[in-house]
Amino acid sequence: LALVALGLVTLFSASYENPARVSAQAANLVVALVAMWLVAQVPPQTLMRFAVPAYALAIALLIAVALAGEVVNGARRWLHVGVTRFQPSEMMKLALPMMLAWYFHKNAAMLRMRDFAIAALLLVVPVLLIARQPDLGTAVLVGAAGFYVIFFAGIGWKVLATVGVLGLASLAPLWGMLHDYQRRRILTLIDPTQDPLGAGYHTIQSTIAVGSGGITGKGWLHGTQTHLEFIPERHTDFIFAVFSEEFGLLGNLVLLTLYALLIARGLMIAANAATFFARLLAASVTLMLFTYAFVNMGMVSGILPVVGVPLPFISYGGTALLTLFTGIGILMSAHRDRRLVQT
């Protein structure tokens with residue numbers, strides 16, 4: 001709630017003091033809090049029953065997007081349902097770790113390499129469907145959420161090292177599979193000044209904003225990069241640049257402390273979970289929050305390529321907020337059914 005409060009304050013400035021945008025986010029927050037409370041009432045054993053149906057439904061929706069999804073800004077990511085639309089890839093951020101945690105829980109008595117290979121296949125299918133949209137940012141988040149489950153299930157370091165070597169060897173063919181705009185984003189990371197008004201514009205303007213905030217910031221509503229409209233997507237993906245410019249390094253330390261406390265609490269809940277399923281799911285959800293924050297801040301600071309990843313609990317957006325608070329509800333559920341006696 002402290003993070004959301006900071007988000008609403010920053011959003012008011014990023015939207016040029018427009019109360020309608022803040023009110024809309026507050027309405028999204030109410031829906032997300034209700035979803036969090038409902039999920040928190042469901043024991044992990046019951047959540048486990050929904051793992052396979054949720055994964056199958058999410059895969060079906062991703063296929064539906066590929067066949068008949070709405071194209072927005074050159075990407076086919078949305079489905080129309082009645083009077084609204086939603087992004088099925090958001091659903092996969094929770095459905096995939098639930099599915100993998102269920103699979104490892106069912107085979108926990110004797111995990112073999114075949115089980116990890118099947119888990120990898122369950123991970124690769126949705127990641128490829130999402131990357132095809134194209135939505136590289138969400139594909140990274142979904143892939144990371146699935147990887148965390150596989151990692152905590154006990155995959156060996158030798159296997160990880162082998163996969164890493166194979167991954168490096170596949171960089172050349174993967175480069176040829178990337179879209180032109182994705183290649184430009186990666187090349188721009190190395191030297192944003194080669195296209196300052198095109199692919200490098202986002203990185204240049206966001207790093208100027210982050211640096212110009214200094215130690216204490218320029219003050220709320222006084223960010224020049226923000227209010228002179230230099231920062232693109234300032235209320236969504238690049239809201240961290242707005243926050244940094246107005247609240248400075250001290251504000252960033254407060255923000256990082258809040259994220260660190262939340263992540264540490266989530267890992268404590270995972271460590272004390274009563275079942276293998278709850279432990280894997282809670283750990284994956286917690287580290288997904290870390291990945292959200294790390295990728296967004298790295299992107300805005302110019303150390304990672306620009307991808308469509310919002311800053312958790314801060315950026316504007318109802319679907320992402322619903323996903324995040326549903327994840328918090330899962331952590332609450334795992335905490336309610338925790339081990340009371342250490343074994």
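Begin by selecting helix α5 (residues 88-106) together with helix α6 (residues 113-131). In this predicted model, the two helices pack at an angle of about 175°, and their axes are 10 Å apart. Since angles over 145 degrees count as roughly antiparallel, α5 is therefore roughly antiparallel to α6. To display the contact, show the side chains of Ser89, Met92, Leu96, Met99, Leu100, Tyr103 and Phe104 on α5. On α6, the partners are Asp115, Phe116, Ile118, Ala119, Leu122, Leu123, Pro126 and Ile130. Colouring this set by residue class gives 13 nonpolar residues, 1 polar and 1 charged.

Remain on α5 and select Lys106, which belongs to this helix. Is Lys106 buried or exposed? Its relative accessibility is 53%, so Lys106 counts as exposed. Next, add Phe277 and draw the C-alpha to C-alpha distance: the two residues are 171 apart in sequence, yet the separation in space is 8.7 Å.

Now turn to a second helix pair. Select helix α1 (residues 2-14) and helix α13 (residues 239-271), which pack at an angle of about 170° with axes 11 Å apart. The two helices are therefore roughly antiparallel to each other. The α1 side of this contact consists of Ala2, Leu3, Leu6, Gly7, Val9, Thr10, Leu11, Ser13 and Ala14. From α13 come Ile239, Val242, Phe243, Glu246, Phe247, Leu255, Leu258, Tyr259 and Leu262. By class, the contact of α1 with α13 comprises 14 nonpolar, 3 polar and 1 charged residues.

Two further residues of α13 merit selection. The first stop is Ser244, which is found in α13. With a relative accessibility of 0%, Ser244 counts as buried. Which residues does Ser244 touch, not counting residues up to four places away in sequence? They are Ala209, Val210, Gly213 and Asn252. The next stop is Ala264, also placed in helix α13. Ala264 has 37% relative accessibility and so counts as partly exposed. Add Thr286 to the selection: its C-alpha atom is separated from that of Ala264 by 8.4 Å, and the two residues are 22 apart along the chain.

The tour continues into the interior. The largest nonpolar core contains 84 residues, of which Met92, Phe104, Leu255 and Phe313 touch the most other members. Helix α14 (residues 276-301) supplies the largest share of this core, at 16 residues. Two of the four residues just named, Met92 and Phe104, were already on display in the contact of α5 with α6, and Leu255 appeared in the contact of α1 with α13.

Centre the view on Phe313. What does Phe313 touch, not counting residues up to four places away in sequence? The list is Leu3, Val4, Gly7, Leu262, Leu289, Leu321, Leu324, Phe325 and Ile328. Among these, Leu3, Gly7 and Leu262 also take part in the contact of α1 with α13.

Then move to α14 and select Ala283, which is found in that helix. At 4% relative accessibility, Ala283 counts as buried. Leaving aside its neighbours within four places in sequence, Ala283 is in contact with Phe152 and Ala270. For a contrasting distance, add Asp195: Ala283 and Asp195 are 88 residues apart in sequence and 40 Å apart in space, C-alpha to C-alpha.

Two loop residues call for a check of backbone torsions. Select Glu17, in the loop between α1 and α2 (19-40). Glu17 has a positive phi of about 55° although it is not a glycine. This residue is partly exposed, its relative accessible area being 41%. Leu221, in the loop between α11 (201-212) and α12 (224-227), likewise has a positive phi, of about 75°, and is not a glycine. Leu221 counts as partly exposed, at 23% relative accessibility.

Finally, colour the chain by pLDDT. The mean over the chain is 89, and 97% of the residues reach 70 or more. Where is confidence lowest, and where is it highest? The lowest mean, 72, falls in strand β1 (residues 70-72), and the highest, 96, in α13. Where pLDDT is low, the predicted coordinates should not be read in detail.

Notes: Residues are numbered from 1 along each chain as its sequence is written. This is a predicted model: local features need pLDDT of at least 70, side-chain atom pairs count only at pLDDT 80 or more; totals for chains, interfaces and linings use all residues. Side-chain values use heavy atoms; hydrogens and water are left out. Axes are lines fitted to C-alpha atoms, for helices over the stretch in contact, and angles run from 0 to 180 degrees between N-to-C directions. Angles under 35 degrees count as roughly parallel, over 145 as roughly antiparallel, 65 to 115 as roughly perpendicular and the rest as oblique. Contact means heavy atoms within 4.5 Å. Ala, Val, Leu, Ile, Met, Phe, Trp, Tyr, Cys and Pro count as nonpolar, Asp, Glu, Lys and Arg as charged, and the others, Gly among them, as polar. A nonpolar core is a set of buried Ala, Val, Leu, Ile, Met, Phe, Trp, Tyr and Cys residues joined through side-chain atoms within 4.5 Å. Buried means under 20% relative accessible area, exposed over 50%, partly exposed in between (1.4 Å probe, protein chains only). pLDDT is the predictor's confidence in each residue, from 0 to 100.
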